[in-house]
Amino acid sequence: MNRAVVAAMTEAGETADTLAERVGVDPKTAARWASHGRIPRPQTRRRVAEVLGREVTELWPDVLKRREPAWFRRWVDIEREAVALRWFELTWVPGLLQTEAYARATLAGESLTTDDVGRLVEARLQRQAILRRDNPPMLVVVLDELVLRRSAYGDRALMREQCEHLVACGALPTTSIHVVPASVGMYPGLGGPLILAELDDGSVLGHADSQTEAKIVDQSAEIATLGRRWERIRGEALSRTQSLTLLREAAASWT
């Protein structure tokens, strides 16, 4: 529980319903702000702080401790507010499901200091808190099988740990992991990774990566294109049960 938010609401005589009306959001969204780790988007949190007569940093001190790169923060805010996430990855384990060792391995070879790597890894692991909160988002992940077969600089123990972690995550009631088997030939996923985030007001935002930029997609036509692409990719993947079996086999293969 975010005791600072709860105390401020009590002192200001606000309930989730009245606060939601004044800020212009759904009451369920306002109620979630009393939970630890639920931080509104920047513009919204400024309005909430104003209504409650507090500073933003009094209500959400973590905003000053953010470790992720500035360009990525808007997506992290969206991720925190999402009620459902659909995520396809062609080459990496999604950040929300990475172990610390795997996260570090993804940054190897980059022009980063030891402190930079530590900061980025910490930020990635902090994002995973949304999967452990009381009301986690529904997370559906589709992976290409080669993600599970690609060595991490020859560290077999690292890959075994990561695959075992995926098995554990895939067993969570709100997380579903599916694998596109290597036997599948060309399919739409070869065009690259994508994420679709559904917010509690029914709106959907997308995220698409390339070698040079990460793009947040908010235009309806582009969202529709990503939605169709997602459905075709998901159609090539194994069922949840079949995928868990494959994940266990992949973990054993790294022994």
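1. Let me start with a pair worth finding in your viewer: Glu-145 is buried, with a relative accessible area of 11%. The side chain of Glu-145 meets that of Arg-149 in a salt bridge, 3.0 Å being the value for another pair discussed below and 2.9 Å, N to O, the value here. Arg-149 itself is partly exposed, at 29% relative accessible area. Please keep in mind throughout that this is a predicted model.

2. A network comes next. Glu-11, Arg-54 and Glu-58 are joined into one network by salt bridges that share partners. Within it, the side chains of Arg-54 and Glu-11 meet at 3.0 Å, N to O. Arg-54 sits in the loop between helix H4 (42–52) and helix H5 (56–59), while Glu-11 belongs to helix H1 (residues 3–12), so this salt bridge ties together parts that are 43 residues apart in sequence. Arg-54 is partly exposed, with 23% relative accessibility, whereas Glu-11 is exposed, at 61%.

3. How many salt bridges does the model hold? The count comes to 12. One of them joins the side chains of Arg-74 and Asp-218, at 3.9 Å from N to O. Here Arg-74 is in helix H6 (residues 73–81) and Asp-218 is in the loop between strand S6 (214–217) and helix H11 (220–236), so the pair ties together parts 144 residues apart in sequence. Both ends are partly exposed: Arg-74 has a relative accessibility of 44%, and Asp-218 one of 39%.

4. Helix H6 deserves a look of its own. Seven of its nine residues are buried, which leaves this helix mostly covered. The buried residues are Trp-75, Val-76, Asp-77, Ile-78, Glu-79, Arg-80 and Glu-81. If you scan that list, you will see charged residues such as Asp-77, Glu-79, Arg-80 and Glu-81 among the buried ones.

5. Ala-82 has its place in strand S1 (residues 82–89). With 1% relative accessibility, Ala-82 counts as buried, the cut-off being under 20%. Which residues does Ala-82 contact, leaving aside its neighbours within four places in sequence? They are Arg-133, Pro-137, Ala-197, Glu-198 and Leu-199. Of these contacts, Glu-198 is 116 residues away from Ala-82 in sequence, yet their C-alpha atoms are 5.4 Å apart in space.

6. Strand S1 also supplies one half of an aromatic pair. The count of such pairs in the model comes to one. The ring centres of Phe-88 and Tyr-187 are 6.2 Å apart and the ring planes stand at 85°, so the pair is edge-to-face. It links distant parts of the chain, with Phe-88 in strand S1 and Tyr-187 in the loop between S3 and strand S4 (194–199), 99 residues apart. Both residues are buried: Phe-88 has a relative accessible area of 0%, and Tyr-187 has 7% relative accessibility.

7. Now to strand S3 (residues 175–180). Six of its six residues are buried, so the strand is largely enclosed by the rest of the structure. Thr-175, Ile-177 and Val-179 point one way, Ser-176, His-178 and Val-180 point the other way, and all are buried. Strand S2 (residues 138–144) pairs with S3 in the parallel sense over six bridges. In that pairing, Leu-139 has Thr-175 as its bridge partner in S3.

8. Where do the nonpolar residues gather? The largest nonpolar core has 38 residues, and those touching the most other members are Leu-85, Leu-97, Leu-148, Leu-166, Ile-177 and Leu-247. Helix H10 (residues 156–170) gives the largest share of this core, six residues. A second, separate core has 16 residues, including Ala-8, Ala-30, Ile-39 and Val-51.

9. Leu-97 is a good residue to click on. Apart from neighbours within four places in sequence, Leu-97 contacts Gln-128, Leu-131, Leu-139, Val-141, Gln-162, His-165, Leu-166, Cys-169 and Ile-177. Among these contacts, Leu-166 and Ile-177 are also listed with Leu-97 as core members that touch the most others.

10. Lastly, an annotation. An unreviewed UniProt entry carries the annotation "domain: DUF5753" for residues 72–249. Over that stretch the chain is 43% helix and 21% strand, and the C-alpha atoms at its ends are 34 Å apart.

Note on methods:
Residues numbered from 1 in each chain as written. Predicted model: local features only at pLDDT ≥ 70, side-chain atom pairs only at ≥ 80, totals over all residues. Heavy atoms only, no water. Core = buried A, V, L, I, M, F, W, Y, C linked by side-chain atoms within 4.5 Å. Buried < 20%, exposed > 50% of the residue type's maximum accessible area, 1.4 Å probe, protein only. Helix = DSSP H or I, 4+ residues; strand = E, 2+ residues; numbered from the N terminus. Contact = heavy atoms within 4.5 Å. UniProt positions renumbered as here; feature names shortened; annotations may be inferred. Salt bridge = Lys/Arg side-chain N within 4 Å of Asp/Glu carboxyl O. Pairing = 2+ DSSP bridges. Phe/Tyr/Trp six-rings, centres within 6.5 Å; stacked < 30°, edge-to-face > 60°.
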